[in-house]
Every structure is written in C-alpha cells, then in structure tokens.
Amino acid sequence: MMKKNKGFIWLFFLACTWTHSQTNIDSSCQIYLEPIIGFKMVIEDYKSDLLDNFDSYREVPEDELKNKLKDIDVFNASKSIELPNGYKTNITFILHFKEKKLKSYNLTFPIGTDYKYFDELIKYIQHYDKNNINSFIYKSGKKSIYTDLNDNKNCKRIIRVSRIYNDNTKFEIYCKVN
C-alpha cells in the first residue's frame, strides 16, 4: 500500500510542478522597445495600466474575431511616434488580455524606404537596453528576423523587418510576444 501512495504523491508533485511552470510567466517577457514607443510593455501588465499609453484603442467585438479564445479580451490600439531619424509613423497593436492581464501582443510600424534603418534602430535600442532584454537580437548579427522561441520561462519573442504588403517601396517592423 505504501508504494501506491508514494507513486500517487510523486505524480501529484509532478502535476503541481508542471502547472506552476505553465502559469508563471517571466516578468521580463517583452521585446525592449521603450526608447521607440515611449513606454514599457511586458506580459502580465495590467490592462488598466497599459491602455492609457495609446493614442486610441478599442475592444474588438467577438463577431469580428475569426477565432475567439475563451476568456480572452482582444484590443486594437494605435500610437503615433517619431523615430530617431525624424520619420513619423503610426504603430498598430493587437493586445490579448486574460483576467485583465496582458497575455500576448503584436505590433507593427512602418520605418520608411531604407531597409538598413532596421539595423540602425536595433543599435539605437541596444544603447538604452541596460538589462540586455533583447540579447537574442544583439548576439545574432544582422538579420531580417530574430526569434527567441525557446519555451524557456514560457516567453516567445519575434521581431522582423519586411516590405509592407500593400506598398513594396516601404518597410515595416513586426514584433510578437507571448
């Protein structure tokens, strides 16, 4: 009888450990963009704290969503910014909240006609990134896409530059964190 109890206790311990690892997201799950977008945005931030940073935002009604995830509130938001080179642009965001906390986000913004400006922006961000949050970018050399898809700390990050689909003379940056 004791062997069965030990097996059950071991199984219970493993289940609790797995559940704990799946629900505890690293508090630094982000792509550091604060010098460009003007504010810090990290997974697990509260909706009420984040939404005030945007020029405009709206909750997306369920009937506009292709795939409605249970208990997830989806918001579209935008913010006008001026890049360090003087280029004025608009960032569009898609934000996913669960229980009033940020669970994932995508953002996109045009950077103009010069593809090489992406590398300049990476250097600009690196200068201010004192905690080396974007180390997955800096250690990779020049690329058009950087990914940190390890399940390490349950944080997946992507940043890339590509041509804008409806204006092939301009480039945009796309970021995704979840």
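Student: How much surface does the chain expose, and what share of it do carbon and sulfur atoms supply?
Tutor: In this predicted model, the chain exposes about 11,400 Å². Carbon and sulfur atoms supply 51% of that.

Student: And what makes a residue count as buried here?
Tutor: Its relative accessible area has to be under 20%. Of the 178 residues in the chain, 37% are buried, so they fall under that cut-off.

Student: How do you know which part of the model to treat with caution?
Tutor: Look at pLDDT, which runs from 0 to 100. The chain averages 84, with 83% of its residues at 70 or more. Residues 5-27, though, have pLDDT below 50. That stretch has nine contacts beyond near neighbours in sequence. Where pLDDT is low, the coordinates shouldn't be read in detail.

Student: OK, on to the fold. What is the order of the strands in the sheet?
Tutor: The chain has five helices and seven strands. The open sheet has seven strands in the order β1-β2-β3-β4-β7-β6-β5, paired antiparallel. Its twist averages 15° from one strand to the next.

Student: Why are β1 and β5 said to stand at the edges?
Tutor: Each has a single partner strand, so one side of each is left without a neighbour in the sheet. For the record, β1 covers 56-59 and β5 covers 145-148.

Student: What makes β5 and β6 a pair?
Tutor: Pairing takes at least two bridges. β5 and β6 (residues 157-164) have four, in the antiparallel sense, so they qualify as a pair. One of the bridge partnerships joins D148 to R157 in β6.

Conventions:
Residues numbered from 1 in each chain as written. Predicted model: local features only at pLDDT ≥ 70, side-chain atom pairs only at ≥ 80, totals over all residues. Heavy atoms only, no water. Helix = DSSP H or I, 4+ residues; strand = E, 2+ residues; numbered from the N terminus. Buried < 20%, exposed > 50% of the residue type's maximum accessible area, 1.4 Å probe, protein only. Areas by Shrake-Rupley, 256 points an atom, 1.4 Å probe, with all protein chains shown as cover. pLDDT = per-residue confidence, 0-100. Contact = heavy atoms within 4.5 Å. Axes fitted to C-alpha atoms, helices over the stretch in contact; angles between N-to-C directions.
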